[in-house]
Amino acid sequence: MFQEKPYAVAYWSAAGNHGAGEALLKKSGTTWTVVKMTTGSLKDEAALEKLGVPSATAQALVKDLEIGKAP
């Protein structure tokens, strides 16, 4: 999971009978809320911004995902 407060993106690889996916989460106080679950659209800054993530935070999350998912 990659966090750029108050947002985080979690991702998982395909395994067994389950496909790969990503989730955008937002923290409010001590509670995390799932904003969106998807199979890969969170790699795009514009998609994150449409979900309410500020531009600078969206850029940071996309970079975090690129680094974290690199082979």
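Start with valine 62: setting aside neighbours within four places in sequence, this residue is in contact with Leu42, Lys43, Asp44, Glu45 and Leu48. This is a predicted model, and valine 62 makes a handy way into it.

Valine 62 belongs to the largest nonpolar core, which has eleven residues: Phe2, Tyr7, Val9, Leu24, Leu42, Leu48, Val53, Ala58, Leu61, Val62 and Leu65. Strand E2 (7-12) and helix H2 (55-68) each put in at least two residues of this core, and H2 gives the most, with four. As a broader pattern, nonpolar side chains in soluble globular proteins tend to be buried together.

**The chain as a whole**

Zooming out, the protein chain has two helices and four strands, and reading along the sequence gives the pattern β-β-β-β-α-α. The C-alpha trace spans about 35 × 25 × 20 Å along its principal axes. Is the radius of gyration in agreement or at odds with a compact globule? It agrees, because a compact globule of 71 residues would come out near 11 Å and the protein chain has 12 Å.

Buried residues account for 28% of the 71 residues. The exposed surface comes to about 4,600 Å², with carbon and sulfur atoms supplying 53% of it. As for contacts between residues at least 6 apart in sequence, 30% join residues at least 24 apart.

**The strands**

Now for the sheet pairings. E2 and E3 run antiparallel and are joined by six bridges; here tyrosine 11 stands opposite glutamate 22 in E3. Strand E3 (residues 21-28) is also joined to E4, again antiparallel, by seven bridges. In that second pairing, leucine 24 has lysine 36 in E4 as its bridge partner, while leucine 25 has valine 34. Leucine 24 is also one of the residues in the largest nonpolar core. In a regular strand, side chains alternate between the two faces of the sheet.

The hairpin of E3 and E4 has two residues between the strands, and glycine 29 there takes a positive phi near 70 degrees. There's another backbone detail earlier on: the peptide bond from lysine 5 to proline 6 is cis, with omega near 0 degrees. Proline 6 is found in the loop between strand E1 (2-4) and E2. For context, most residues other than glycine have a negative phi, and most peptide bonds are trans.

At the far end of strand E4 (residues 31-38) comes threonine 38. Leaving out residues up to four places away in sequence, threonine 38 touches Gly21 and Glu22.

**One salt bridge**

How many salt bridges does a search of the whole structure find? Just one turns up, and it brings together the side chains of glutamate 22 and lysine 43 at 3.7 Å, N to O. The pair links distant parts of the chain, with glutamate 22 in strand E3 and lysine 43 in the loop between E4 and H1, 21 residues apart. Glutamate 22 has already come up twice, as the residue opposite tyrosine 11 and as a contact of threonine 38. Lysine 43, for its part, is among the contacts of valine 62.

Here is how four of the residues in this story sit with respect to solvent:

| Residue | Relative accessibility | Class |
|---|---|---|
| Glutamate 22 | 1% | buried |
| Threonine 38 | 16% | buried |
| Glutamate 45 | 30% | partly exposed |
| Lysine 43 | 46% | partly exposed |

So the salt bridge joins a buried glutamate 22 to a partly exposed lysine 43. Threonine 38 counts as buried because its 16% falls under the 20% cut-off.

**Back to the helices**

Glutamate 45 is found in helix H1 (residues 45-50). Apart from residues up to four places away in sequence, glutamate 45 touches Ala58, Gln59 and Val62, which brings us back to where we started. Ala58 and Val62 both appear in the largest nonpolar core, whereas glutamate 45 itself is partly exposed at 30% relative accessibility. What separates glutamate 45 from leucine 24, in sequence and in space? They are 21 residues apart in sequence and 12 Å apart in space, C-alpha to C-alpha.

Technical notes:
Residues numbered from 1 in each chain as written. Predicted model: local features only at pLDDT ≥ 70, side-chain atom pairs only at ≥ 80, totals over all residues. Heavy atoms only, no water. Buried < 20%, exposed > 50% of the residue type's maximum accessible area, 1.4 Å probe, protein only. Contact = heavy atoms within 4.5 Å. Pairing = 2+ DSSP bridges. Core = buried A, V, L, I, M, F, W, Y, C linked by side-chain atoms within 4.5 Å. Rg over C-alpha atoms; globule rule 2.2 N^0.38 Å. Areas by Shrake-Rupley, 256 points an atom, 1.4 Å probe, with all protein chains shown as cover. Salt bridge = Lys/Arg side-chain N within 4 Å of Asp/Glu carboxyl O.
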